Amino acid sequence: MCCSRVVVCWLLISSALAALAASAPEGCKKLSVDSDWPSVDVWNTELKGNEPRGPQKSWTAPDYTFEASRVPHVQTAVKFAAKHNVRLSVINSGHDYVARNDAPSGIRLSVTDLKGIRILESFQPTPKGAESVDKTTKVNTIKPIAGKQAAVTIGAGITIDELNKALKPSNLYAIGAAHGSVSVAGGWAQSGGHAPLSSYYGLGVDQVLEYKVVTANGSLVIANPTNNQDLFWALRGGGPSTFGVVVEATVKVHPFPKIISYSFWLNTTDYDDTHSIFTPAAYLFSQLPRLNKENGIQGYYYIHRNALSANWLIPNEFANASAIIAAMDPIIAKMTAMPGINAKSLIKIPPTVLNTTALGSLQSGDGGQSSSIPPKPPAHLVRRHGPGEMRAMAKGNIAMDSRLLGADELTHPDLAKALEKAIGTLPNAQLRNHLTGGGAVLKNDPNTSVLPAWRKTYVHMIAAAAAGEPNLQAMRDISPNMGAYVNEASVKNPNWKHDFWGANYAKLAELKTKWDPDFVFYVTPGINADLMEVKEGRLCRVKGAPAKLAQDMAPKSDNANEGEHEKARTSWPLLYMGKGVPPKMVAGAKGM
Ligand SMILES: Cc1cc2nc3c(=O)[nH]c(=O)nc-3n(C[C@H](O)[C@H](O)[C@H](O)COP(=O)(O)OP(=O)(O)OC[C@H]3O[C@@H](n4cnc5c(N)ncnc54)[C@H](O)[C@@H]3O)c2cc1C
């Protein structure tokens, strides 16, 4: 960690200015302009190894970055933030869409380097917790024992790609985000966590058997079904960077699955017809609960204004090619016969057994939700993780909107109209439907605090576009009892407490007060976020009752980093050109 002379001068000047200033107002976090801001000496003795922002860096960044490679580093940073009442934000893989991994003051604690993997034949919760790992832990192999739930203990910075590479020699598999460089124990497993095979194995929160957590007073705490059960419950869905810093997790692992993939594409006869696609789109939705239950069909389904496509994944006992064809053919025949649909545009990639390499590519960090049609990495992630990026970079909010949809919504009589309204007119708008619910996701584990609507969910719909703010109000209108997945949502989602945590919010709010009464951790959207407010750049306790924002939105984040749209993904349909399909069938070509 470097500290140039310019930075030292800057810090001395800041300290001198602080000496002339007033102290932080009561109930507020300190800023570097306050007289009671810790001196440079204090920073350097109590948080050794910190990296100051300095004047040359953007003011959107916090004052100090601190990288933890061992658990005591996390404890030191949390204790420092609590003792000196400065802001603390936590960053891991840097994939956050809703701007919770950074703040414009205080310490940014990076946990990316908390590594280590130990595979376990089975796991029994104890007060001591699983044997700890760190980056020197040598990955072991095991022979899974029939009838026993195998598990793995991982450092919080382990990504799903790293984990599955380590599990493969034991012929085991863990679920995680579809993008391989998302961490497992960070935002994904603390907020819900859907995955290419979550319909088969359950949500991310369902996988967790134990967390090790540094809580607001800097203690290292074991949270599992027999120790600190309330914290264990809160961390399994209550949201990240709210109850503590997770430093390790022990999660379920599964025998490496056999998977068949199946994909198809369909578009309108007239490229400018932005109406006809929604009737077949709604019809396909209506079939998903049955296809999921009877044929184990899960995966990803994309709707464009004039086309739709699906990439299904069918695991293990469901992976039967003729059964998939028999289930899908009549549905596709009905869709292609609908008015305005070009039957000749149909492309089917027949059931294909994914070899182990292709399955790896589902989570290989290439954004790969479709192994048969691999998309390019989204540009903003290349910048986060590409050459020259030494670590995850904090970004601001990325415009999107989302809604969880259950069987009632997928068979709703007004669904086609709602879809047409929902996709709107923004450039390159898409409805990205994650058929990652259903199946095991529907089985409620009362020991999780994830939004209860997940347990009715088949489809997590995300609206995205190349510019502007997607708005799924039309979907909210037909799904008043559902909600949205907080990790991939609009930060302007109305009725935020109901929609992100539902009936679990009240208990989560009590537990937030119990485990972090002084808001050492603060994120928005997050539990009790409305008890704090940002006033003139300073995070302070709200005096009196929290103000209700228009439409009951969560308080606006003061993370001022640039957000961006996922422009790169708008090129997905064009990938069909590479599959030997005549260009006239490609969306974008006139006269199809
Ligand atoms: C390209 C892409 C693909 C995605 N695919 C999926 C998907 O398939 N399924 C899905 O469910 N989600 C997916 N997501 C969303 C992802 O789950 C969230 O962005 C998640 O919050 C990322 O967590 P992270 O820790 O890896 O990232 P970060 O941005 O580093 O952190 C996210 C949040 O978690 C907090 N946090 C991180 N680590 C810890 C910790 N150890 N203890 C406490 N708090 C912590 C941070 O403070 C922040 O609030 C995707 C996101 C992207 C950008």
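A polar contact is a pair of N or O atoms within 3.5 Å; within protein, one of the two must be able to donate a hydrogen and the other to accept it. With that in mind, welcome to this predicted model of a protein with 17 helices and 20 strands. Of its 592 residues, 60% count as buried. The ligand has 33 residues around it, and the protein covers 99% of the 940 Å² of accessible area that the ligand has on its own.

**Overall build**

- Among contacts with a separation of 6 or more, 73% join residues 24 or more positions apart.
- The protein's accessible surface is about 22,800 Å², and carbon and sulfur atoms account for 57% of that area.

**Around the ligand**

- Val90, Asn92, Ser93, Val246 and Tyr485 come nearest to the ligand.
- By residue type, the shell holds 14 nonpolar, 15 polar and four charged residues.
- Three elements give two or more residues each to this shell: β3 (88-91), α5 (187-191) and β10 (245-252). Of these, α5 gives the most, with three residues.
- Two backbone contacts involve oxygen atoms of the ligand: a polar backbone atom of histidine 95 is 3.0 Å from one, and a backbone N or O atom of glycine 187 also lies 3.0 Å from one.
- Arginine 100 takes part through its side chain, with a polar atom 3.3 Å from an oxygen atom of the ligand.

**Nonpolar cores**

- The largest nonpolar core has 74 residues, and the members that touch the most others are Val152, Leu163, Trp188 and Tyr211.
- A second, separate core has 48 residues, including Ile324, Ala327, Ile341 and Ile423.
- Beyond its neighbours within four places in sequence, tryptophan 188 has contacts that include Ile175, Gly176, Ala177 and Val182, and also Gly193, His194 and Ala195.
- Tyr485, one of the residues that come nearest to the ligand, is in contact with tryptophan 188 as well.

**Helix α4**

- Helix α4 spans residues 160-167, and because six of its eight residues are buried, the rest of the structure largely encloses it.
- Those buried residues are Ile160, Asp161, Leu163, Asn164, Ala166 and Leu167.
- They pack against three strands, β5 (117-120), β6 (151-155) and β7 (172-173).
- Leu163 appears here among the buried residues of α4, and also among the members of the largest nonpolar core that touch the most others.

**Serine 345**

- Serine 345 sits in strand β15, which covers residues 341-353.
- Its relative accessibility is 0%, so serine 345 counts as buried, the cut-off being under 20%.
- What does the side chain of serine 345 reach? Its partner is the backbone nitrogen of asparagine 267, at 2.9 Å. That distance of 2.9 Å falls within the 3.5 Å limit for a polar contact.

**Alanine 99**

- Alanine 99 belongs to the loop between β3 and β4 (107-110).
- Is alanine 99 buried or exposed? With a relative accessible area of 5%, alanine 99 is buried.
- Alanine 99 and isoleucine 398 are 299 residues apart in sequence, yet their C-alpha atoms are 8.0 Å apart in space.
- Setting aside neighbours within four places in sequence, alanine 99 is in contact with Lys395, Gly396 and Asn397, and with Ser557 and Asn559.

Technical notes:
Residues numbered from 1 in each chain as written. Predicted model: local features only at pLDDT ≥ 70, side-chain atom pairs only at ≥ 80, totals over all residues. Heavy atoms only, no water. Core = buried A, V, L, I, M, F, W, Y, C linked by side-chain atoms within 4.5 Å. Buried < 20%, exposed > 50% of the residue type's maximum accessible area, 1.4 Å probe, protein only. Contact = heavy atoms within 4.5 Å. Near = heavy atom within 4 Å. Areas by Shrake-Rupley, 256 points an atom, 1.4 Å probe, with all protein chains shown as cover. Helix = DSSP H or I, 4+ residues; strand = E, 2+ residues; numbered from the N terminus. Nonpolar A, V, L, I, M, F, W, Y, C, P; charged D, E, K, R; others polar.
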